[in-house]
Amino acid sequence: MDMKKLSFAALAFLLLRTCAEAQVVVEFNAALSEGAAQARAAASERRKKPQAARLRYGETCILRAVAAHMGVALRPDIPVPAVYYGSKTPLKQFQDAVEPQWNMRPEVFLNAYIVAKNEVYLLDEAEYYRRMKRSLDDSLAHEYAHYIQVKYKGFSLEGDDSLEGQAVSEQTWFRETFIQQDPPADFCQ
């Protein structure tokens, strides 16, 4: 292109067009950079957030197995507790539920059966269960044992350490016996 032959207007047009294209490239690169930064931040957040454990058996299956092992026939007129998982439940909800029963606000999510609300709260961090050689299923079995103690057997969880021992025994039975075998079909259908 012979620059001497271009008119001033044509030269100005080419210059503006080149600047505009350069600006588009700059804006595109900025958008890519911002998108990459957002993607890095999201990946970092995913790495920080613990992986959630999943139940091997359904909640109903676990409840039926524990009830049968404790010699209790489940009744439809006694409501089954709602189950809340740590990965999906705000810490504040857990703290508000547990504080009246424990007279404290835990800093972290823990496993608990809340008598007054008929609710179960479960820590569901997969790494915790791997490290402890336990499962979310046996933790739920433990909390269901407390539910059965209170709602079916009429016990109070206040100050009776034997009830915790019984819940631990149910949890151990569930982990070492029930989980290690194929569950009977009548519990899990």
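**Exercise 1. Determine how α2 and α5 pack in this predicted model, and which residues form the contact.**

Solution. Begin with the geometry: the helices α2 and α5 pack at an angle of about 55 degrees, and their axes are 9 Å apart. Angles from 65 to 115 degrees would count as roughly perpendicular and those under 35 as roughly parallel, so α2 is classed as oblique to α5. The handedness comes next, and the crossing of these two helices is right-handed. On the α2 side the contact is made by Glu-59, Ile-62, Leu-63, Val-66 and Ala-67, which meet Asp-137, Leu-140, Ala-141, Tyr-144, Ala-145, Tyr-147 and Ile-148 of α5. Sorted by class, this contact of α2 with α5 holds ten nonpolar, no polar and two charged residues.

**Exercise 2. Repeat the analysis for α2 and α6.**

Solution. Helix α2 covers residues 59-69 and helix α6 residues 161-178; they pack at an angle of about 110 degrees, with axes 11 Å apart. Because the range from 65 to 115 degrees counts as roughly perpendicular, α2 is roughly perpendicular to α6. The crossing of α2 past α6 is right-handed. From α2 the contact draws on Cys-61, Ile-62, Ala-65, Val-66 and His-69, and from α6 on Glu-170, Trp-173, Phe-174 and Phe-178. By class, the contact of α2 with α6 comprises seven nonpolar, one polar and one charged residues.

**Exercise 3. Describe the surroundings of Ile-62 and decide whether this residue is buried or exposed.**

Solution. Ile-62 lies in helix α2, where it takes part both in the contact with α5 and in the contact with α6. Leaving aside residues up to four places away in sequence, Ile-62 touches Leu-55, Tyr-57, Asp-137, Leu-140, Ala-141, Tyr-144 and Phe-174. The C-alpha atoms of Ile-62 and Asp-138 are separated by 8.4 Å, although the two residues are 76 residues apart along the chain. Since the relative accessible area of Ile-62 is 0%, the residue is buried.

**Exercise 4. Check the length of α5 against expectation, and establish how many of its residues are buried.**

Solution. Helix α5 runs over residues 136-151, and at 1.5 Å a residue its 16 residues should span 22 Å. The end C-alpha atoms of α5 are 22 Å apart, which agrees with that expectation. As for burial, 15 of the 16 residues of α5 are buried, so the helix is largely enclosed by the rest of the structure. Ser-135 sits in the loop between α4 (126-132) and α5, and because its relative accessibility is 19%, this residue also counts as buried. Ser-135 touches Tyr-129 and Ile-179, not counting residues up to four places away in sequence.

**Exercise 5. Apply the length check to α3, and find the elements against which its buried residues pack.**

Solution. Helix α3 (residues 91-102) has twelve residues, and from its first C-alpha to its last it reaches 15 Å, close to the 16 Å expected at 1.5 Å a residue. The buried residues in α3 are Phe-94, Gln-95, Ala-97, Val-98 and Gln-101, and the buried residues of this helix pack against β2 (112-114) and β3 (119-122). After α3 comes Asn-103, whose phi is positive, near 60 degrees.

**Exercise 6. Place these elements in the whole chain.**

Solution. The protein has six helices and three strands, which run from the N terminus in the order α-α-β-α-β-β-α-α-α. Of its 189 residues, 33% are buried. Among contacts with a separation of 6 or more, 61% join residues 24 or more positions apart.

Note on methods
Residues numbered from 1 in each chain as written. Predicted model: local features only at pLDDT ≥ 70, side-chain atom pairs only at ≥ 80, totals over all residues. Heavy atoms only, no water. Axes fitted to C-alpha atoms, helices over the stretch in contact; angles between N-to-C directions. Helix = DSSP H or I, 4+ residues; strand = E, 2+ residues; numbered from the N terminus. Parallel < 35°, antiparallel > 145°, perpendicular 65-115°, else oblique. Left-handed = near helix turned anticlockwise from the far one by under 90°. Contact = heavy atoms within 4.5 Å. Nonpolar A, V, L, I, M, F, W, Y, C, P; charged D, E, K, R; others polar. Expected span 1.5 Å × (residues − 1). Buried < 20%, exposed > 50% of the residue type's maximum accessible area, 1.4 Å probe, protein only.
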